[in-house]
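Trainee: Got a minute to go through this model with me? I'd like to start with the ligand and then ask about the cysteines.

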Amino acid sequence: MIKGVYSGCYRQHPIDRILGTDTSGFVDSDRLTNDQPCDENNAYMVCQPSIVRRALESLPVIEGYTFLDLGCGKGRALIVATEFPFSAVLGCDISRGLVASANANANANANANARILATRFPDRTKMRALVSDVRELIFPTGKLVIFLYNPFGQSLMSDVLSGLLNGLEVDAIEHVFIVYCNPVVADAVDAIPGFRRWSADTYEYAPNELNFGPTASDAVVVWQSVKNAIPGESAACRRQVNIEGSTAYLD
Ligand SMILES: C[S@@+](CC[C@H](N)C(=O)[O-])C[C@H]1O[C@@H](n2cnc3c(N)ncnc32)[C@H](O)[C@@H]1O
């Protein structure tokens, strides 16, 4: 709670002022669900659009890929992903309330973020979020960009990686990029031979985002599946990830 207040998460973020969406806020991990307590779920804190944008710009290809934010909250990263030519823009979150803010349906939440985006930008790929614990998620097939903004701890991350590896093994998944912002359990991905690094960068918040998040920059590490790997990884992709508290820094 203290981290949420002092990091500026509660202040209305510029993206919400500009678009009329509601993605700002902070929800502590023990208030995410009533019925599925899990001490590995991290609080709802929101990524900076400029960081997501720069991370996605670093990918060699977007066309033909499905964007999937694991722990999408109210859908801020989904909103940014609609700026890119993904085939589908999807998210899942364990919190019913956060997904209601992300989504729109015919009966509820007329101002939900997906509806606002679809009205303002009818030509963009539509965003859609669903309520699901990642432990129960069935991954989409084809080519995937998995996005994470430090949503959970090591064992949930291992479950996610096993699911992706299974999908790759049975050819349901063709190729995967894992775009991990604030990669606190980067070790879990590095330990798996089926994935290899694509890039490792630190991006500064855009000037108008300063004081709307806990820091002024975010580390972002990107991996891809060894299966159908695309050549051209960055020379600095193997930079070491160091952790201080709940923040990852690159050497
Ligand atoms: C740090 S927030 C990131 C929100 C969003 N991805 C963004 O970048 O703005 C982490 C999110 O992960 C969700 N989460 C945590 N554990 C989860 C789980 N086991 N399954 C699905 N979502 C989970 C939380 O509800 C929270 O919204």
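Mentor: We'll take the ligand site and then the cysteines, keeping in mind that this is a predicted model.

Trainee: How many residues surround the ligand, and which are the closest?

Mentor: The ligand has 24 residues around it. The closest are N41, D69, G71, D93 and V134.

Trainee: What's the make-up of that shell by class?

Mentor: There are 15 nonpolar residues, six polar and three charged.

Trainee: Which polar side-chain atom lies 2.9 Å from a nitrogen atom of the ligand?

Mentor: That one belongs to D69. V134 also faces a ligand nitrogen atom, with a backbone N or O atom at 3.0 Å. For C47, a backbone N or O atom is 3.2 Å from an oxygen atom of the ligand.

Trainee: And how much of the ligand's accessible area does the protein cover?

Mentor: On its own the ligand has 600 Å² of accessible area, and the protein covers 99% of that. The space the ligand takes is the largest pocket.

Trainee: Switching to cysteines. How many disulfides does the structure hold?

Mentor: Zero.

Trainee: Why is C47 not bonded to C181?

Mentor: Because the two sulfurs are 6.8 Å apart, which is too far for a bond; the cut-off is 2.5 Å. C181 has the closest cysteine sulfur to that of C47.

Trainee: What about C92?

Mentor: C92 is in no disulfide either, and its nearest cysteine sulfur, in C72, is 6.4 Å away.

Trainee: Are C47 and C92 buried or exposed?

Mentor: C47 counts as buried because its relative accessibility is 6%. C92 is buried too, at 1%. The limit for buried is under 20%.

Conventions
Residues numbered from 1 in each chain as written. Predicted model: local features only at pLDDT ≥ 70, side-chain atom pairs only at ≥ 80, totals over all residues. Heavy atoms only, no water. Near = heavy atom within 4 Å. Polar contact = N/O pair within 3.5 Å; in protein donor to acceptor, adjacent residues only side chain to side chain. Areas by Shrake-Rupley, 256 points an atom, 1.4 Å probe, with all protein chains shown as cover. 1 Å grid on protein atoms, 1.4 Å probe; cavity = no way out; pocket = protein on both sides within 12 Å on 5 of 7 lines; lining within 4 Å. Sits in = over half its atoms within 2 Å of the grid points. Nonpolar A, V, L, I, M, F, W, Y, C, P; charged D, E, K, R; others polar. Buried < 20%, exposed > 50% of the residue type's maximum accessible area, 1.4 Å probe, protein only.
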